[in-house]
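Me: Could you go through this protein with me, beginning with the overall fold and then moving to individual contacts?

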Amino acid sequence: MEDGQERLDGGVPGGQLPTGAVPAQGRPGEPTGDVYDWFRRGAQLLAQGHPAAAEQLLARAAEAEPHSRSIREALARAQFDAGSYAAALENFRAVAMVDPSDDYAQFGWGVAAARLGDFETSAEHLALAVAMRPGTDHYRAALRQTRATLAARAGAYGPLLPGVPAGRQDPDRESGTALPGQCGGEPEGVNDDV
């Protein structure tokens with residue numbers, strides 16, 4: 001073929017593909033190869049710093065193999081690096097829902113939630129990741145940052161803007177009721193300052 005791609009119909013009459021053969025590119029822009037090829041090329045593009053290109057291949061692979069955790073995780077990483085935080089969160093969440101003990105999926109869910117401004121959800125999933133892998137420095141650093149953001153928003157560090165009284169309290173705190181997802185202290189057994 002003129003574009004450098006070889007036909008895979010094997011010259012069989014009627015254009016029948018031999019068993020296990022990969023069809024030639026059907027439409028312009030459609031990648032050649034099989035799902036594993038798309039996954040490998042997508043992971044390579046991601047490692048080379050091309051997350052948007054990786055996202056395209058990995059999205060196609062995830063569409064073909066929606067239950068593959070490794071494809072979804074790689075897609076989520078590419079989406080996160082490309083700035084598609086909501087899509088990344090959904091894919092990290094999907095992996096974590098299938099395997100709640102996947103610390104990296106919990107971490108990804110947490111950092112994507114933080115990028116979207118949902119620091120309560122972020123703290124929950126980052127704390128889970130830290131509990132599963134307490135020695136992982138970037139997990140602990142992300143959890144500390146999220147908790148610091150939550151504390152700053154609650155006014156724990158005094159005034160954030162000039163002219164705002166330091167003693168200003170959240171009306172819900174004064175009444176003794178906590179907002180959903182707010183609880184004090186560290187989860188039992190988790191110390192992110194190690």
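The chat below goes from the overall fold to helix packing, aromatic pairs and single residues.

Me: Before we start, what kind of model is this, and how are the residues numbered?

Reply: This is a predicted model, in which local features need pLDDT of at least 70 and side-chain atom pairs count only at pLDDT 80 or more, while totals for chains, interfaces and linings use all residues. Residues are numbered from 1 along each chain as its sequence is written, and side-chain values use heavy atoms, with hydrogens and water left out.

Me: OK, how many helices and strands are there?

Reply: The protein has eight helices and zero strands, where helices (H or I, at least four residues) and strands (E, at least two) are DSSP runs numbered from the N terminus. Along the sequence the pattern reads α-α-α-α-α-α-α-α.

Me: And how much of the protein counts as buried?

Reply: Of its 194 residues, 31% count as buried, with buried meaning under 20% relative accessible area, exposed over 50% and partly exposed in between (1.4 Å probe, protein chains only). The protein exposes about 11,900 Å², and carbon and sulfur atoms supply 52% of that area; accessible areas come from the Shrake-Rupley method with a 1.4 Å probe, and for residues only the protein chains shown count as cover.

Me: What share of the contacts join residues at least 24 apart?

Reply: Among contacts between residues at least 6 apart in sequence, 40% join residues at least 24 apart, a contact being heavy atoms within 4.5 Å.

Me: Switching to packing, how do helix 5 and helix 6 cross?

Reply: The axes of helix 5 and helix 6 (residues 119-132) come within 7 Å and cross at roughly 155°, where axes are lines fitted to C-alpha atoms, for helices over the stretch in contact, and angles run from 0 to 180 degrees between N-to-C directions. Helix 5 is therefore roughly antiparallel to helix 6, on a scale where angles under 35 degrees count as roughly parallel, over 145 as roughly antiparallel, 65 to 115 as roughly perpendicular and the rest as oblique. The crossing of the two is left-handed, a term used if the near helix is turned anticlockwise from the far one by less than a right angle, with right-handed used if clockwise. Residues making the contact include Phe107, Trp109 and Gly110 of helix 5 and Ser122, His125 and Leu126 of helix 6.

Me: Gly110 is on that list; is glycine 110 buried or exposed?

Reply: Glycine 110, which lies in helix 5, is buried, with a relative accessible area of 0%. Its C-alpha is 3.9 Å from that of serine 122, although the two residues are twelve apart in sequence. Leaving aside neighbours within four places in sequence, glycine 110 is in contact with Ser122, His125 and Leu126.

Me: What about helix 3 and helix 4, at what angle do they pack?

Reply: Helix 3 (residues 69-81) and helix 4 pack at about 155°, with their axes 8 Å apart, and they are therefore roughly antiparallel to each other. Their crossing is left-handed. The contact involves, among others, Ala76, Gln79 and Phe80 of helix 3 and Tyr85, Ala88 and Phe92 of helix 4.

Me: Which residues does glutamine 79 contact?

Reply: Glutamine 79 is in helix 3 and counts as buried at 7% relative accessibility. Apart from neighbours within four places in sequence, glutamine 79 is in contact with Glu55, Ser84, Tyr85, Ala87, Ala88 and Asn91.

Me: Now the rings, how many aromatic pairs are there?

Reply: A search of the whole structure finds four aromatic pairs, where rings of Phe, Tyr and Trp (its six-membered ring) pair if their centres lie within 6.5 Å, and planes under 30 degrees apart count as stacked, over 60 as edge-to-face and the rest as tilted. One of them joins phenylalanine 80 and tyrosine 85, edge-to-face, at 5.1 Å centre to centre and 65° between the planes. Phenylalanine 80 is buried at 17% relative accessible area, whereas tyrosine 85 is partly exposed at 22%.

Me: And why is the pair of phenylalanine 92 and tyrosine 104 edge-to-face?

Reply: The ring centres of phenylalanine 92 and tyrosine 104 are 5.9 Å apart and their planes stand at 70°, so the pair is edge-to-face. This pair links distant parts of the chain, with phenylalanine 92 in helix 4 (residues 85-98) and tyrosine 104 in helix 5 (residues 103-115). Phenylalanine 92 counts as buried at 2% relative accessibility, and tyrosine 104 as partly exposed at 26%. Phe92, Tyr104, Phe107 and Tyr139 form one aromatic cluster.
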